[in-house]
Amino acid sequence: MDFRTQLTVSGAASRTSADALLLLVLGDSLPAGLDEPLAQGLSEAIAQGDFSLKPGKSAYLRQLAGVKTPRVAVAAVRDGSTKALKAATAAGLVLLKGLGVKHLAVQVLGGGSLGAAEAEAIAAAASEVVYLYNTTKPSASPAPVLNKLSLLVASKAEAKAADEGLVRGAAIGAGVALARELANRPGNHCTPTLFAHEARKMAKAQGLKIEVLDKKQIEALGMGSFLAVSQGSDEPPRFIVMHYHGAAKSEPPLVLVGKGVTFDSGGISLKPGGEMDEMKFDMGGAASVVGTLRAVAELKPKLNLIGVIAACENMPSGRALKPGDVITSLSGQTIEVLNTDAEGRLILCDALTYVERFKPAAVVDIATLTGACVVALGGVRSGLFSTDDSLAAELQAAGDAALDTCWRMPTDDEYDEGLKSNFADVANIAGRAGGAITAAMFLKRFTDKLRWAHLDIAGTAWKSGAAKGATGRPVGLLTHWVLAQAK
Ligand code: BES
Ligand code: MN
Ligand code: ZN
């Protein structure tokens with residue numbers, strides 16, 4: 001998953017020594033600037049119907065006469081957007097998958113000059129295609145070996161911006177891959193304890209400070225709501241705090257808070273059996289926090305960042321939380337638990353209260369929080385909720401730049417009505433209507449002292465069906481947001 005990036009200033013792609021060359025072609029005719037052997041090979045491929053310069057088309061060509069790289073993939077790019085470039089890179093790389101390509105060279109033809117955003121999109125796409133899950137599937141083909149990506153640029157002037165983009169894309173790509181890997185692991189291979197081990201491994205490798213609090217320490221802190229969710233499981237909870245220092249200690253940090261439910265059965269309010277296996281992905285928010293910290297640690301912006309993760313299982317048992325139970329959160333507010341399956345908000349509220357101690361510049365929580373958000377936004381955009389317009393705008397812009405988009409949802413006071421309880425300060429669910437919003441309104445009650453936003457990634461953290469697996473979102477959005485705060 002980790003590869004080196006390199007820029008080569010050269011117009012002669014046909015003399016590049018790499019295992020494969022990927023040509024990304026903009027426009028509907030072969031552009032100038034392509035050197036002779038490749039121009040000839042491509043025109044022949046087009047003439048013979050193997051390829052056409054229509055959006056979505058790609059082809060694999062072997063051993064073109066006069067071309068040094070033995071494999072050439074070519075993909076047509078729909079338009080000049082980074083989104084189109086990323087899609088074409090992925091389409092081209094799929095053709096090279098499993099061919100043992102260690103060193104890939106990429107050239108974009110027919111566009112304007114190549115900037116940082118374009119280079120980043122290419123590196124990110126390469127990283128995404130190359131990822132393979134084989135941790136619990138030894139029969140899966142061995143992990144792909146791509147370890148070097150060279151981008152061919154026309155001039156020294158292009159090289160600087162492109163290099164910046166490549167470095168960023170590779171770092172984000174590695175963070176995305178780590179988030180995918182953690183989220184893909186089955187619940188029995190990714191318990192709260194094992195998740196904490198992986199977070200520690202990442203932190204050690206990147207030189208980050210990390211604290212892992214166990215059940216006793218979580219009890220001592222008074223996180224009654226988090227512990228209530230965890231109490232039905234035989235697996236002990238973990239509360240993980242990771243610190244990245246890139247600025248003076250006195251500089252208020254950014255804080256990311258991740259929902260880390262390593263398996264969500266629903267608890268006593270048990271979920272139906274169909275697709276319950278997918279609830280192993282219910283720690284996608286936590287995985288994205290670990291992935292983002294990894295990317296940020298590599299890119300070293302001048303700011304402070306703290307990642308906080310509440311990790312536990314949500315299980316039914318004789319000790320489990322019951323509907324009607326009233327629990328006391330770290331904030332002191334009591335909560336009537338009307339549905340034990342609305343557990344994400346119960347662990348996040350204590351984590352949000354906990355992070356007040358850091359006097360953060362901003363706090364973003366990330367959670368696979370509601371099925372209602374999947375209904376509202378599907379798998380394209382994450383749900384964004386914030387009481388702060390400037391923070392919402394920052395996150396929306398970061399998502400656009402990272403091609404990891406979100407969409408702002410409302411937080412009007414009226415949505416809070418349904419959370420009233422006769423037996424506690426607040427209930428953990430309202431009616432069915434506006435379920436993603438009422439979940440956010442519940443969290444909002446714990447954020448009075450914070451500049452806060454919430455990302456509901458229930459629809460975007462993983463894919464179902466044949467392509468079942470974690471996406472690593474929103475590592476791209478979060479990393480872009482963090483980097484932008486340093487400027
Ligand atoms: N982890 C789920 C949310 C979820 C559902 C994510 C489907 C991805 C796909 C969350 O803990 C949950 O169960 N939420 C309930 C809340 C309800 C009981 C108010 C839901 O969405 O059904
Ligand atoms: Mn649940
Ligand atoms: Zn859940």
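Here is a walk through this predicted model, starting at its metal ions and moving outwards from there.

Let's begin with the manganese ion (ligand 2). Its donors come from Asp264 (OD), Asp341 (O and OD) and Glu343 (OE), at 2.1 to 2.2 Å. Note that Asp341 shows up with a backbone oxygen as well as its side chain in that list. If you look at the angles, the six donor atoms around manganese subtend 72 to 169°, which makes the arrangement irregular. For six donors to count as octahedral, opposite ones must be over 155 degrees apart and all others between 65 and 115. In sequence, the manganese donors follow the spacing D-x76-D-x1-E. Asp264 sits in strand β9 (residues 254–264) while Asp341 is in the loop between β12 (334–336) and α9 (344–354), so this pair ties together parts of the chain that are 77 residues apart.

How exposed are those two aspartates? Asp264 has a relative accessibility of 2%, so it counts as buried. Asp341 comes out at 21%, and therefore counts as partly exposed; the cut-off for buried is under 20%.

Now for the second metal. The zinc ion (ligand 3) is coordinated by Lys259 (NZ), Asp264 (OD), Asp282 (OD) and Glu343 (OE), with distances of 2.0 to 2.4 Å. A lysine NZ is thus listed among the zinc donors. Here the six donor atoms subtend angles of 78 to 177°, and the arrangement is octahedral because of that. As a yardstick, six ideal octahedral donors give angles of 90 or 180 degrees. Along the chain, the zinc donors are spaced K-x4-D-x17-D-x60-E. Two of them link distant parts of the chain: Lys259 belongs to strand β9, whereas Asp282 is in the loop between β9 and α8 (284–299), 23 residues away. Both count as buried, Lys259 at 2% relative accessibility and Asp282 at 1%.

What holds the two sites together? Asp264 bridges the manganese ion (ligand 2) and the zinc ion (ligand 3), and the two ions lie 3.1 Å apart. Glu343 also appears in both donor lists, through OE for manganese and through OE for zinc.

Asp264 has yet another partner, which brings us to ligand 1. There are 16 residues around ligand 1, and Asp264, Lys271, Asp341, Glu343 and Gly371 come nearest. Among these, Asp264, Asp341 and Glu343 are names you have already met as manganese donors. As for polar contacts, an oxygen atom of ligand 1 is 2.9 Å from a side-chain N or O atom of Asp264. An oxygen of ligand 1 is also 2.8 Å from a side-chain N or O atom of Lys271. A nitrogen atom of ligand 1, meanwhile, lies 3.5 Å from a backbone N or O atom of Leu369. On its own ligand 1 exposes 510 Å², and the protein buries 77% of that.

Leu369 leads on to Arg345, which is in helix α9. Is Arg345 buried or exposed? With a relative accessible area of 7%, Arg345 is buried. Beyond its neighbours within four places in sequence, Arg345 is in contact with Leu369, Thr370, Asn428, Ile429, Ala439, Phe442 and Leu443. Its C-alpha atom is also 9.0 Å from that of Phe226, which is 119 residues away along the chain.

Three of those contacts, Ala439, Phe442 and Leu443, are among the buried residues of helix α12. That helix (residues 435–444) is mostly covered, with nine of its ten residues buried.

Finally, a few backbone details to check. Most residues other than glycine have a negative phi, and most peptide bonds are trans. What joins Arg473 and Pro474? A cis peptide bond does, with omega at about 0°, and Pro474 is found in the loop between β19 (469–470) and α13 (475–485). Lys300, not a glycine, has a positive phi of about 50°. Lys300 lies in the loop between α8 and β10 (304–314) and counts as exposed because its relative accessibility is 58%. Leu403 also has a positive phi, near 55°. You can find Leu403 in the loop between α11 (389–402) and β15 (406–408), where it is partly exposed at 28% relative accessible area.

How values were computed. Residues numbered from 1 in each chain as written. Chains lettered and ligands numbered in written order. Predicted model: local features only at pLDDT ≥ 70, side-chain atom pairs only at ≥ 80, totals over all residues. Heavy atoms only, no water. Donors = N, O, S within 2.8 Å, 3.2 Å for Na, K, Ca; no water. Tetrahedral: all angles 85-135°; square planar, octahedral: opposite > 155°, others 65-115°. Helix = DSSP H or I, 4+ residues; strand = E, 2+ residues; numbered from the N terminus. Buried < 20%, exposed > 50% of the residue type's maximum accessible area, 1.4 Å probe, protein only. Near = heavy atom within 4 Å. Polar contact = N/O pair within 3.5 Å; in protein donor to acceptor, adjacent residues only side chain to side chain. Areas by Shrake-Rupley, 256 points an atom, 1.4 Å probe, with all protein chains shown as cover. Contact = heavy atoms within 4.5 Å.
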